[in-house]
Amino acid sequence: MASVETQELTAKPSLWHRYTELTRDVRRGFIAEWTVTIILLLFATTTLVQAFVIPSASMENTLLIGDHVLVDKLVYAPSGPVSRHLLPYRDVRRGDIIVFRYPRDISQDYVKRAIGLPGDHIRLVNKQLMLNGHLVDEPYAIHRTGYIDSYRDNFPSSPDVSLPASALDMLQNHVVNGDVVVPPNCIFAMGDNRDDSLDSRYWGFVPRENIVGTPLLIYWSFEAPTQDLTNPNIGIDHIVDVVTHFFTKTRWSRTFKLIRGYPLQ
């Protein structure tokens with residue numbers, strides 16, 4: 001008996017089924033691509049760079065109230081045996097502008113200029129900085145008033161204001177021959193607006209581990225009051241102000257301005 005060849009009949013696929021088959025890989029690739037992109041962006045904004053806004057006048061005229069800056073969080077990161085040769089790690093230098101966690105409340109971020117490194121001798125004489133025994137030219141520093149404050153402008157000396165324990169420890173245990181001597185793993189930091197800066201003179205040294213990074217550039221600068229910039233919840237008034245006065249209150253000349261330190265010797 002001759003064998004009978006059989007053929008399996010299959011239903012013709014629907015148009016929707018064919019469409020889903022054709023686009024499945026495309027959709028998978030799209031989702032995977034955007035997932036990776038989002039992860040990288042989140043990684044970059046928390047590990048590599050981060051946006052900060054300047055809320056106070058302590059760094060004028062280098063940084064103004066309302067400057068929105070991008071901070072390089074990688075430059076001061078500890079290097080490994082291999083990464084030190086591949087990535088631009090370096091330690092803090094005198095004259096660098098640094099962003100750090102405020103020693104008295106690490107939930108707050110401060111920005112100041114690194115003036116003294118471990119072992120440095122710091123003194124102010126009638127507002128002028130003496131670093132390791134010689135006067136230093138500071139073209140970035142400003143003084144709003146000619147009034148000489150006995151503590152602020154002739155530092156270190158007997159304080160004329162109430163100071164926290166960290167500042168008292170600095171004055172009692174880290175002053176040698178009239179100079180503040182910066183201890184190991186610490187930085188002495190001051191604002192460029194010397195007459196209006198809450199800095200190491202008033203709360204002591206910055207622990208090295210508190211340093212977050214250094215500002216790279218100003219990506220947007222908008223004239224706004226300090227209270228709007230320090231409010232953890234964006235107020236309706238501030239939103240209305242930005243929308244209404246975006247073009248007139250934006251400091252266009254500061255947009256994409258690079259921020260650089262000034263080498264101190």
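**Pocket lining**

I began with the lining of the largest pocket and sorted it by class: eleven nonpolar, six polar and two charged residues. The model is predicted. I then looked up the volume of this largest pocket, which is about 500 Å³. Its lining counts 19 residues, and those closest to the centre are Val53, Pro55, Asp109, Tyr110 and Val111. I asked which elements give two or more residues to this lining. They are strands S1 (49-53), S2 (67-72) and S4 (109-116). S4 gives the most, with four residues.

**From S4 to S10 and S11**

I followed S4 away from the pocket. S4 and S10 run antiparallel and are joined by three bridges. I noted one pair: Gly116 has Phe188 of S10 as its bridge partner. How many residues of S10 (186-190) are buried? Five of five are, and the strand is mostly covered. I checked the side-chain directions next. Cys186, Phe188 and Met190 point one way, Ile187 and Ala189 point the other way, and all are buried. In a regular strand the side chains alternate between the two faces of the sheet.

S10 also pairs with S11 (residues 206-207), antiparallel, over two bridges. There I found Cys186 opposite Pro207.

**The five-stranded sheet**

I turned to an open sheet of five strands. I read its order as S7-S6-S5-S9-S8, with antiparallel pairing. Which strands stand at the edges? S7 and S8 (175-176) do; each has a single partner strand, so one side of each is left without a neighbour in the sheet.

I went through the hairpins one by one. S5 (residues 121-125) and S6 run antiparallel and share four bridges. Leu124 is paired with Leu129 of S6. Two residues lie between these strands, and Asn126 takes a positive phi near 50° in this hairpin.

The next hairpin is S6 with S7, again with two residues between the strands. Its turn holds Asn132, with a positive phi of about 55°. S6 and S7 (residues 134-135) pair in the antiparallel sense over two bridges. Leu131 stands opposite His134 of S7.

I then looked at the two faces of S6 (residues 128-131). The side chains alternate: Leu129 and Leu131 point to one face and are buried. Gln128 and Met130 point to the other face and are not buried.

**Cavity**

I searched for enclosed space. Rolling a probe the size of a water molecule over the atoms shows where empty space is left. I found one cavity of 30 Å³ or more. The largest cavity has a volume of about 30 Å³. What lines this cavity? I listed Leu124, Lys127, His143, Arg152, Asp153, Arg194 and Arg201. By class, that lining has one nonpolar, one polar and five charged residues. Leu124 is thus on two of my lists: it lines the cavity, and it is the bridge partner of Leu129.

**Helix H6**

I ended with H6 (residues 236-249), a helix of 14 residues. Its end C-alpha atoms are only 17 Å apart. A straight helix would reach 20 Å at 1.5 Å a residue, and H6 falls short of that. Where does H6 bend, and by what angle? The bend is at Val243 and is about 50°. I also looked up which residues of H6 are buried. They are His238, Asp241 and Val242. An α-helix has 3.6 residues a turn, so residues three or four places apart point the same way.

Terms used:
Residues numbered from 1 in each chain as written. Predicted model: local features only at pLDDT ≥ 70, side-chain atom pairs only at ≥ 80, totals over all residues. Heavy atoms only, no water. 1 Å grid on protein atoms, 1.4 Å probe; cavity = no way out; pocket = protein on both sides within 12 Å on 5 of 7 lines; lining within 4 Å. Points joined across faces, edges and corners; volume = space filled by probe spheres on them. Nonpolar A, V, L, I, M, F, W, Y, C, P; charged D, E, K, R; others polar. Buried < 20%, exposed > 50% of the residue type's maximum accessible area, 1.4 Å probe, protein only. Pairing = 2+ DSSP bridges. Expected span 1.5 Å × (residues − 1). Bend = angle between axes of the 7 residues up to and from the residue.
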